[in-house]
Amino acid sequence: MGVFSWIILGLIAGALAKWLMPGKDGGGIVMTMVLGVCGAFVGGWLGSFVGLGGADGVNIGSIITATIGAFVLLFLYNRFVK
């Protein structure tokens, strides 16, 4: 998967994770992008680790996997950084 695909997947996953996470959190579009791309990486790694499949392209399965990873990172960010 190319860098552009990771950025697109990260933006989608980060936006979905922020939409699903209740409450007001800081950041903005840059933090959403960073958390989304990192979440795609973490979600892909965790998904392949437990046998669910990784983030291997911009498709529904990868978006779900990346969103779960971004949601986890956003949760940790809100609990420990703020």
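This report describes the fold, the core and several individual residues of a predicted protein model.

**Overall architecture and confidence**

The protein chain contains 3 helices and 0 strands. Followed along the sequence, its elements give the pattern α-α-α. Of the 82 residues in the protein chain, 34% are buried. Contacts across the sequence also characterise the model: among contacts with a separation of 6 or more, 70% join residues that are 24 or more positions apart. The surface exposed by the protein chain amounts to about 5000 Å², and 76% of this area is supplied by carbon and sulfur atoms.

The average pLDDT of the protein chain is 75, and 76% of the residues reach a score of at least 70. Confidence is highest in helix α3, with a mean of 81, and lowest in helix α2 (residues 29-50), with a mean of 75. Where pLDDT is low, the predicted coordinates should not be read in detail.

**Helix α3**

Helix α3 comprises 21 residues, from 60 to 80. At 1.5 Å a residue, a helix of this length should span 30 Å, and the C-alpha atoms at its ends are 30 Å apart, so the expected and the modelled spans agree. The buried residues of α3 are S62, I63, T65, A66, T67, G69, A70, L73, L74, Y77 and N78.

**The nonpolar core**

The largest nonpolar core is made of 12 residues: L9, A13, A17, M21, L35, A40, I63, A66, A70, L73, L74 and Y77. Two or more of these residues come from each of the elements α1 (3-20), α2 and α3. Helix α3 provides the largest share of this core, namely 6 residues.

**Individual residues**

Three residues of helix α3 and one of helix α2 are considered next. The table gives the relative accessible area of each.

| Residue | Relative accessible area | Class |
|---|---|---|
| S62 | 1% | buried |
| T67 | 8% | buried |
| N78 | 16% | buried |
| V42 | 25% | partly exposed |

S62 lies in helix α3. Its relative accessible area of 1% is under the 20% limit, and S62 is therefore classed as buried. Between the C-alpha atoms of S62 and A13 the separation is 9.1 Å, although their positions lie 49 residues apart along the chain when counted as sequence distance. A13 is one of the residues of the largest nonpolar core.

T67 also belongs to helix α3. At 8% relative accessibility, T67 counts as buried because the value is under 20%. Apart from its neighbours within four places in sequence, T67 is in contact with A13, L16, A17 and L20. Of these partners, A13 and A17 are listed among the residues of the largest nonpolar core.

N78 is placed in helix α3 as well. Its relative accessibility of 16% is under 20%, so N78 counts as buried. The C-alpha atom of N78 is separated by 9.9 Å from that of M21, and the two residues are 57 residues apart along the chain. M21 is one of the core residues.

V42 is found in helix α2. With a relative accessible area of 25%, V42 falls between the limits of 20% and 50%, and it is therefore partly exposed. V42 and T65 are 23 residues apart along the chain, and their C-alpha atoms are separated by 8.9 Å. T65 is among the buried residues of α3.

Conventions: Residues numbered from 1 in each chain as written. Predicted model: local features only at pLDDT ≥ 70, side-chain atom pairs only at ≥ 80, totals over all residues. Heavy atoms only, no water. Helix = DSSP H or I, 4+ residues; strand = E, 2+ residues; numbered from the N terminus. Expected span 1.5 Å × (residues − 1). Buried < 20%, exposed > 50% of the residue type's maximum accessible area, 1.4 Å probe, protein only. pLDDT = per-residue confidence, 0-100. Core = buried A, V, L, I, M, F, W, Y, C linked by side-chain atoms within 4.5 Å. Contact = heavy atoms within 4.5 Å. Areas by Shrake-Rupley, 256 points an atom, 1.4 Å probe, with all protein chains shown as cover.
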